[in-house]
2 protein chains.
Amino acid sequence: MSDLLERLRGRGWRLTSQRRVVAEVLDGDHVHLTADEVHARAVARLPEISRATVYNTLGELVCLGEVLEVATDGRAKRYDPNAHRAHQHLLCSGCGAIRDVHPHGDPLEALPAGERFGFTVTAAEITYRGLCPDCTAGP
Amino acid sequence: MSDLLERLRGRGWRLTSQRRVVAEVLDGDHVHLTADEVHARAVARLPEISRATVYNTLGELVCLGEVLEVATDGRAKRYDPNAHRAHQHLLCSGCGAIRDVHPHGDPLEALPAGERFGFTVTAAEITYRGLCPDCTAGP
DNA sequence: TCCTAACTTGGACTTTGTCCAAGTCAACAC
DNA sequence: GTGTTGACTTGGACAAAGTCCAAGTTAGGA
């Protein structure tokens, strides 16, 4: 994650302890935390960090393209640090678990010109839904 | 839309004027209203209808499978009455316009077994993003 | 070491949605 | 038609998620 911090410094960011902690919390694979979860984990490392700063920092990371915002349900947005490799999401309807997945092919190609209504289409987000092994097994 | 009302009566619904108005507001193609928008339009026809009733009715319609809940952004959920023909959504990043679209092929097939993590995958929701003709033209 | 613009803070505020007790009414039985 | 009853509706309080702002703090260059 220190390469992320370096990239941010290169873009003129001031490296405060708060930003460092938010970046650390978001490190890892298959990480999809809500803003409140990020705040809770950040507080464990830096007790005085405020919710406003967490929201600010997440928003900035999203603007810079370092973190993706994922809105899989109508509830809180989730933040996905795996922004540098294109991927989609697989969501368990039972327990809410989320995995990053990589379907083959380009989903944009499945949308014929006649279905584009004159739009310039640039991206496709796919949410696969199902039950994870634990939830499939039963209650 | 009266066939919808008939279906609901067949399922034991009491046909109140409030439910009738909500069903009427949701009639049409490419309709993707938020709960508040549904409420605003319902009030225009039935001034005393309450927010709670609109939320209740929308929730019931979703449970019955007559209306789809769409969460394209992290903001308010939208309600899509076109629940009886499978489709995906195309969203303008500029103005927020939404169209129903029909990509070809089955999106589930693009997800190889090795990317399913043992999940039983049952559905895929796709949100295409881009700019509509008006927003492409310029500001 | 000092200075200053950038950053952080806590709290007030907004938006979106849920819950509840009390009042109302659609549909059925007669 | 009339009465009955349980399902439905209402308004307001509440909760969750997120935004905004004035005042205080600080990273990093001079």
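**Close-up views of a predicted two-chain model with DNA**

**View 1. The order of elements in chain A.** Starting at the N terminus, the helices and strands of chain A come in the order α-α-β-α-α-β-β-β-β-β-α. That makes five helices and six strands. Please keep in mind throughout that this is a predicted model.

**View 2. The C-alpha trace of chain A and its packing.** Measured out along the principal axes, the trace of chain A extends over about 50 × 45 × 25 Å. How many of the 139 residues count as buried? In chain A the share is 29%. Among contacts in chain A with a separation of 6 or more, 49% join residues 24 or more positions apart.

**View 3. The protein surface near DNA strand D.** There are 25 residues around DNA strand D, and those that come nearest are Lys77(A), Thr16(B), Gln18(B), Ala52(B) and Thr53(B). Two or more residues each are given to this surface by α3 (35-45) and α4 (51-63) of chain A, and by α2 (17-25) and α4 (51-63) of chain B. Which element gives the most? That is α4(B), with four residues. By residue class, the surface near DNA strand D holds eight nonpolar, 10 polar and seven charged residues.

**View 4. The rotation axis between chains A and B.** A turn of 179° with a shift of 0.1 Å along the axis lays chain B on chain A, at an RMSD of 0.1 Å. The two chains are therefore related as by a two-fold axis. Both copies use the same surface, since 100% of the contact residues of chain B recur in chain A. For a landmark in chain B, look to Ile126(B): its C-alpha comes closest to the rotation axis, at 2.2 Å.

How values were computed:
Residues are numbered from 1 along each chain as its sequence is written. Chains are lettered from A and ligands numbered from 1 in the order in which they are written. This is a predicted model: local features need pLDDT of at least 70, side-chain atom pairs count only at pLDDT 80 or more; totals for chains, interfaces and linings use all residues. A residue is buried if 20 or more other C-beta atoms lie within 10 Å of its own, exposed if 12 or fewer, and partly exposed in between; C-beta atoms are placed from the backbone. Two residues are in contact if their C-beta atoms, placed from the backbone, lie within 7 Å. A residue is near a molecule or strand if its C-beta atom, placed from the backbone, lies within 6 Å of it. Ala, Val, Leu, Ile, Met, Phe, Trp, Tyr, Cys and Pro count as nonpolar, Asp, Glu, Lys and Arg as charged, and the others, Gly among them, as polar. Copies are superposed by least squares on the C-alpha atoms of residues with pLDDT of at least 70 in both.
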